[in-house]
Amino acid sequence: MAHTVTSLKRRARSHRSGNPPTSRSEASASPATGPTRANHMLHTWLEDAHALIAGSLFVALGMTMFAHAGLLTGGVAGVAFLASYTSGLNFGLFFFLFSLPFFVLSWFRLGRAFTFKSFFAVALVSLCTAVAPKVVRFEFINPWLASVLGGFLIGFGLLALLRHHASVGGVNILAQWLQQAKGFSAGKVQMSVDIVVVLAALMVVSPERVAQSVVGAVAIGAILTLNHRPGRYLGV
């Protein structure tokens with residue numbers, strides 16, 4: 001009984017002083033204990049698999065809308081669009097090839113799990129965009145609507161992947177690493193690079209298409225900036 005009273009007094013003093021509990025039993029009694037709470041928030045393999053598939057499909061559908069409307073996006077995907085428009089070859093092939101070098105950074109800086117998940121997502125997006133013309137057709141879609149709606153789809157797809165420790169490669173890998181290592185917002189990094197790449201496309205597409213593509217890039221970045229902030233989502 002005396003030990004219990006002493007423990008309670010020590011816990012009260014620690015609470016007033018702002019110091020954490022000192023004993024193992026006191027630590028386990030705290031509802032805000034870091035390891036205990038984190039263990040409850042870890043994703044299962046089924047949750048990860050669902051997010052990888054759903055996020056990749058969202059991204060692929062958004063990319064398909066962009067391609068149908070003749071729009072671009074930023075990062076590696078934007079370069080892949082430019083290569084596809086100028087060569088007439090499939091976007092998915094360029095997207096997969098241009099994403100490969102970034103996996104070196106992912107392997108050494110973000111770990112094997114992130115790299116494997118991201119490689120799977122990139123492969124799935126590339127495959128889905130390659131077969132999309134055979135299963136998805138848009139008779140008509142206004143380019144401005146495609147830029148906003150497609151941007152939101154891509155943004156939500158990227159958000160699902162990022163929250164489950166994955167990405168669609170390229171600049172998205174760089175943005176994720178900068179957020180984890182330097183504290184920069186992944187959304188702001190992604191948006192900045194996307195706008196630069198889209199503006200560089202003035203040499204290939206019309207100014208109106210570039211303006212519509214910028215709107216799409218802003219739509220993607222807004223989803224990530226508002227919903228993927230360091231420390232906000234405990235499941236990461």
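How much of the accessible surface of the chain belongs to carbon and sulfur atoms? In this predicted model, the share is 68% of an accessible surface of about 12700 Å².

The fold is helical. The secondary structure consists of 12 helices and zero strands. Read along the sequence, the pattern is therefore α-α-α-α-α-α-α-α-α-α-α-α, with helices taken as DSSP runs numbered from the N terminus. The chain has 236 residues, and 42% of them are buried. Contacts often link distant parts of the sequence. Of those between residues at least 6 apart in sequence, 70% join residues at least 24 apart.

A nonpolar patch lies on the surface. Its members are Ile53, Leu57, Phe58, Phe120, Val148, Phe152 and Phe156. Together they have about 600 Å² of accessible area. Two elements, α4 (45-69) and α9 (143-163), give two or more residues each to this patch. Phe58 is one of the patch residues, and its place is in helix α4. Phe58 counts as partly exposed because its relative accessibility is 40%, a value between the limits of 20% for buried and 50% for exposed.

Helix α4 also contributes to the largest pocket. This pocket has a volume of about 220 Å³. Its lining comprises 13 residues. Nearest the centre of the pocket lie Thr64, Ala67, His68, Thr129 and Pro133. Both α4 and α8 (112-135) supply at least two lining residues. The most come from α4, which gives four. Helix α4 thus appears in both features: the nonpolar patch and the lining of the largest pocket.

Terms used
Residues numbered from 1 in each chain as written. Predicted model: local features only at pLDDT ≥ 70, side-chain atom pairs only at ≥ 80, totals over all residues. Heavy atoms only, no water. Patch = residues over 30% accessible without salt bridge, like charges linked within 9 Å, V, L, I, M, F, W, Y side chains within 5 Å. Areas by Shrake-Rupley, 256 points an atom, 1.4 Å probe, with all protein chains shown as cover. Salt bridge = Lys/Arg side-chain N within 4 Å of Asp/Glu carboxyl O. Buried < 20%, exposed > 50% of the residue type's maximum accessible area, 1.4 Å probe, protein only. Contact = heavy atoms within 4.5 Å. 1 Å grid on protein atoms, 1.4 Å probe; cavity = no way out; pocket = protein on both sides within 12 Å on 5 of 7 lines; lining within 4 Å. Points joined across faces, edges and corners; volume = space filled by probe spheres on them.
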